[in-house]
Amino acid sequence: MKFASLALLFFLTGCAATRSGVRVEDAALFREPERNAVTFWGHACAYVDVGGFGIVTDPVFETSYVPLRPRIVPVPPPAAYDQTRVILISHAHQDHLDRRTLERFSPGVVIL
């Protein structure tokens with residue numbers, strides 16, 4: 001019984017922070033990442049630029065990724081991550097493995 005309660009709590013709260021009433025994308029908030037810099041996009045997601053080679057860690061771009069829990073922050077616009085070459089998934093939570101989020105990236109992007 002205790003395990004079922006914990007599993008339900010995890011399922012309903014999810015991994016990423018959330019709040020309703022957020023715009024889907026915000027270009028002013030997520031400018032083009034700087035060269036040779038790390039740009040934090042919230043939760044476990046960051047854009048790492050190494051000489052123009054883009055690496056995104058643990059992307060979460062869906063407006064709702066767990067039942068009853070929408071996003072807190074807007075989603076980066078495609079121009080902010082169009083130089084991505086590698087997506088690094090550091091942990092296998094459902095929000096980071098979302099197919100719709102991963103499909104936003106170019107088909108040639110390597111997912112590790």
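The mean pLDDT of this protein is 75, and 67% of its residues reach 70 or more. The model is a predicted one, and its confidence varies along the chain. Helix α1, covering residues 2–13, has the lowest confidence, with a mean of 46, while strand β6 has the highest, at 95. Over residues 5–22 the pLDDT stays under 50, and for this stretch the model has 38 contacts beyond four places in sequence. Where pLDDT is low, the predicted coordinates should not be read in detail.

The sheet is a convenient place to begin. Five strands make up an open sheet with mixed pairing, in the order β1-β2-β3-β6-β7. Strands β1 and β7 (110–111) are at the edges, and each has a single partner strand, so one side of each has no neighbour in the sheet. Strands of a sheet pair through backbone hydrogen bonds, either parallel or antiparallel.

Both senses of pairing can be followed here. Strand β1 (residues 38–42) runs antiparallel to strand β2 (residues 45–50), and four bridges join them. Within this pair, Phe40 is placed opposite Ala46 of β2. The two strands form a hairpin with two residues between them, and in the turn His43 has a positive phi of about 60°. Strand β3 (residues 53–57), in contrast, pairs in the parallel sense with strand β6 (residues 84–88), again over four bridges. Here Val56 has Ile87 of β6 as its bridge partner.

Val56 and Ile87 also appear in the largest nonpolar core, which has 14 residues. The residues with the most contacts inside this core are Trp41, Val56, Phe61, Tyr81, Ile87 and Phe105. Strand β2 and helix α2 each supply at least two residues of the core. Trp41 shows how separate parts of the chain meet. Leaving aside neighbours within four places in sequence, Trp41 is in contact with ten residues named here in full: Phe30, Pro33, Ala46, Tyr47, Val56, Phe61, Val73, Pro76, Ala80 and Tyr81.

One of these contacts, Val73, is found in the loop between β5 (69–70) and α2 (78–81). Val73 counts as partly exposed because its relative accessibility is 33%. Val73 and Phe61 are twelve residues apart in sequence, and their C-alpha atoms are 9.6 Å apart in space.

The last part of this account concerns charged side chains. Side chains of opposite charge can pair when their charged atoms come close. The structure holds two salt bridges. In one, Asp98 pairs with Arg100, and the closest N and O atoms are 3.8 Å apart. Asp98 is in the loop between β6 and α3 (99–102). With a relative accessible area of 16%, Asp98 is buried, whereas Arg100, at 45%, is partly exposed. The side chain of Asp98 also has a polar atom 2.9 Å from the backbone nitrogen of Thr101.

In the other salt bridge, Glu103 pairs with Arg99, with the closest N and O atoms 3.1 Å apart. Glu103 counts as exposed, at 52% relative accessibility, and Arg99 counts as exposed too, at 54%.

Definitions and conventions. Residues are numbered from 1 along each chain as its sequence is written. This is a predicted model: local features need pLDDT of at least 70, side-chain atom pairs count only at pLDDT 80 or more; totals for chains, interfaces and linings use all residues. Side-chain values use heavy atoms; hydrogens and water are left out. Two strands pair if DSSP finds at least two bridges between them. Buried means under 20% relative accessible area, exposed over 50%, partly exposed in between (1.4 Å probe, protein chains only). A salt bridge is a side-chain nitrogen of Lys or Arg within 4 Å of a carboxyl oxygen of Asp or Glu. pLDDT is the predictor's confidence in each residue, from 0 to 100. Contact means heavy atoms within 4.5 Å. A nonpolar core is a set of buried Ala, Val, Leu, Ile, Met, Phe, Trp, Tyr and Cys residues joined through side-chain atoms within 4.5 Å. A polar contact is a pair of N or O atoms within 3.5 Å; within protein, one must be able to donate a hydrogen and the other to accept it, and residues adjacent in sequence count only if both atoms are side-chain atoms.
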